[in-house]
Amino acid sequence: MLVNKDPRLLLARNEHELNAVAIAAINGNEEIMRYLYPKTNKSTDSWSTRSVASLLTSAVRLGALGKI
């Protein structure tokens, strides 16, 4: 509901430079990760190196790499 109201929320990062989709993946929430990923801007400006690395390693750990 929040993402639909304000998609800019997906650009926000926490103090560790992680975006929402990376945080979902780190926490093992595959359903939220798969929901947020297509809605997240894929431009390099909106992704920190840490977010990319965390998303990829967490997706591999979850066995969800082919699903995102």
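**Figure 1. The side chain of Ser48 reaches the backbone nitrogen of Ser51 at 3.0 Å.** The view is taken from a predicted model. Ser48 lies in the loop between H3 and H4. With a relative accessibility of 9%, Ser48 counts as buried, because the limit for that class is under 20%. Helix H4 spans residues 49-62.

**Figure 2. Confidence of the predicted model along the protein chain.** The mean pLDDT of the chain is 87, and 97% of the residues score at least 70. Confidence is highest in H2, at a mean of 93. The lowest value, a mean of 86, belongs to helix H1, residues 2-5.

**Figure 3. The largest nonpolar core comprises 11 residues.** Its members are Val3, Leu10, Val21, Ala24, Ala25, Met33, Leu36, Trp47, Leu55, Ala59 and Ala64. At least two residues of this core come from each of three helices, namely H2 (20-26), H3 (30-39) and H4 (49-62). The greatest contribution is that of H2, which provides 3 residues.

**Figure 4. A nonpolar patch on the surface is formed by Val52, Leu56, Val60 and Leu65.** Together these four residues have about 320 Å² of accessible area. Leu65 is located in the segment after H4. Leu65 has a relative accessibility of 40% and therefore counts as partly exposed. Val60, another member of the patch, also serves as a reference point for Tyr35: the two C-alpha atoms are separated by 17 Å, with the two positions 25 residues apart along the chain when counted from one to the other. Tyr35 itself lies in helix H3 and is partly exposed, with a relative accessible area of 36%.

**Figure 5. Asp6 and Arg8 are joined by a salt bridge between their side chains.** The N to O distance is 3.0 Å. This pair belongs to a total of 3 salt bridges. Arg8 is found in the loop between H1 and H2. The two partners fall into separate accessibility classes: Asp6 is partly exposed at 22%, whereas Arg8 is exposed at 62%. The value for Asp6 does not meet the limit for a buried residue, because that class requires under 20%. Arg8 is also shown with Asn41, which is 33 residues away in sequence. The C-alpha atoms of Arg8 and Asn41 are 9.3 Å apart in space.

**Figure 6. Glu17 combines a salt bridge to Arg13 with a positive phi.** The side chains of Arg13 and Glu17 meet at 2.8 Å, N to O. Both partners are partly exposed, Arg13 with a relative accessible area of 33% and Glu17 with 38%. Glu17 lies in the loop between H1 and H2. The phi of Glu17 is about 65°, although this residue is not a glycine. Most residues other than glycine have a negative phi.

**Figure 7. A salt bridge in helix H3 links the side chains of Arg34 and Glu30.** The N to O distance of this pair is 3.7 Å. Arg34 and Glu30 are separated by about one helical turn, because they are 4 residues apart in helix H3. Arg34 has a relative accessibility of 43% and so counts as partly exposed. Glu30, at 19%, counts as buried, because its value is under 20%.

**Figure 8. Gly28 and Arg61 are 8.7 Å apart in space, C-alpha to C-alpha.** In sequence, Gly28 and Arg61 are 33 residues apart. Gly28 is placed in the loop between H2 and H3. With a relative accessible area of 34%, Gly28 is partly exposed.

Notes:
Residues numbered from 1 in each chain as written. Predicted model: local features only at pLDDT ≥ 70, side-chain atom pairs only at ≥ 80, totals over all residues. Heavy atoms only, no water. Core = buried A, V, L, I, M, F, W, Y, C linked by side-chain atoms within 4.5 Å. Buried < 20%, exposed > 50% of the residue type's maximum accessible area, 1.4 Å probe, protein only. Patch = residues over 30% accessible without salt bridge, like charges linked within 9 Å, V, L, I, M, F, W, Y side chains within 5 Å. Areas by Shrake-Rupley, 256 points an atom, 1.4 Å probe, with all protein chains shown as cover. pLDDT = per-residue confidence, 0-100. Polar contact = N/O pair within 3.5 Å; in protein donor to acceptor, adjacent residues only side chain to side chain.
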